[in-house]
Amino acid sequence: MPTYDYLCSACGHRFEEMHAMSAEPLKKCPSCKKQKLERLIGAGAGVIFKGSGFYQTDYKNAGSAPSGGGCQPTCGTSDAPTGCKMGKKG
Ligand SMILES: [Zn+2]
């Protein structure tokens, strides 16, 4: 179960809370009892996915130009050679 950092914007109280990702984020500050809690994402929270080599694999595939000259400036148009993906959207 991941831990989340919470910061109360009312009193500045900061703490970590462990709860499920699907759980409702906390709102009530345990210190001042106001509904001013904000969940801090990314700043030291325990929800960082390490080893994000995921997308780089895709990148390599897209980056390796097709044999035969690669992409021309007409990429993305109907004149683009088959297999040319550069500039195409969607
Ligand atoms: Zn507070």
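Biologist: Hi! Among contacts in the chain between residues at least 6 apart in sequence, what share join residues at least 24 apart?

Modeller: Hi! That share is 33%. Keep in mind as we go that this is a predicted model.

Biologist: Okay, so what is the chain made of, in helices and strands?

Modeller: You'll find three strands and one helix. Starting at the N terminus, the order is β-β-β-α.

Biologist: How do the strands sit in the sheet?

Modeller: They make an open sheet in the order E2-E1-E3, with antiparallel pairing. Strand E2 (14-18) and strand E3 (37-40) are at the edges, and each has a single partner strand, so one side of each has no neighbour in the sheet. On average, neighbouring strands are turned by 35° against each other, ignoring direction.

Biologist: How many bridges hold E1 and E2 together?

Modeller: Five bridges, in the antiparallel sense. To see a pair for yourself, look at Tyr6, which stands opposite Phe15 in E2.

Biologist: And what about E1 with E3, how many bridges there?

Modeller: Four bridges join E3 to strand E1 (residues 3-8), and these two run antiparallel as well. On that side, Cys8 is opposite Leu37 in E3, and Tyr6 has Arg39 as its bridge partner in E3.

Biologist: Wait, Tyr6 again? Which residues does it face in E2 and E3?

Modeller: Phe15 in E2 and Arg39 in E3. It's a handy residue to click on when you want to find your way across the sheet.

Biologist: Let's stay with Arg39, then. Which residues does it touch, leaving out those up to four places away in sequence?

Modeller: Arg39 touches Tyr4, Tyr6 and Pro25. Tyr4 is 35 residues away along the chain, yet the C-alpha atoms of Arg39 and Tyr4 are separated by 6.8 Å.

Biologist: Why does Arg39 count as partly exposed?

Modeller: Because 13 other C-beta atoms lie within 10 Å of its own, and the exposed class stops at 12 or fewer while buried begins at 20.

Biologist: How much of the whole chain is buried?

Modeller: Of its 90 residues, 4% count as buried.

Biologist: New topic: loops! What is special about Gly12?

Modeller: Gly12 is in the hairpin of E1 and E2, which has five residues between the strands, and takes a positive phi near 85°.

Biologist: Which residue other than glycine has a positive phi near 65°?

Modeller: That's Lys33, with phi near 65°. Most residues other than glycine have a negative phi. Lys33 sits in the loop between E2 and E3.

Biologist: Is Lys33 buried or exposed?

Modeller: Exposed: Lys33 has 11 other C-beta atoms within 10 Å, and 12 or fewer puts a residue in that class.

Biologist: Last thing: how confident is the prediction, as an average pLDDT for the chain?

Modeller: The average is 71, and 46% of the residues score at least 70. Of the elements, E2 has the highest mean pLDDT, at 92, while helix H1 (residues 54-63) has the lowest, at 50.

Biologist: Where does pLDDT stay under 50?

Modeller: Residues 43-48 are one such stretch, and the model has nine contacts for them beyond four places in sequence. Another is residues 52-58, where the model has zero contacts beyond four places in sequence.

Biologist: How should I read places like that?

Modeller: Where pLDDT is low, the predicted coordinates should not be read in detail.

Notes. Residues numbered from 1 in each chain as written. Predicted model: local features only at pLDDT ≥ 70, side-chain atom pairs only at ≥ 80, totals over all residues. Contact = placed C-beta atoms within 7 Å. Pairing = 2+ DSSP bridges. Axes fitted to C-alpha atoms, helices over the stretch in contact; angles between N-to-C directions. pLDDT = per-residue confidence, 0-100.
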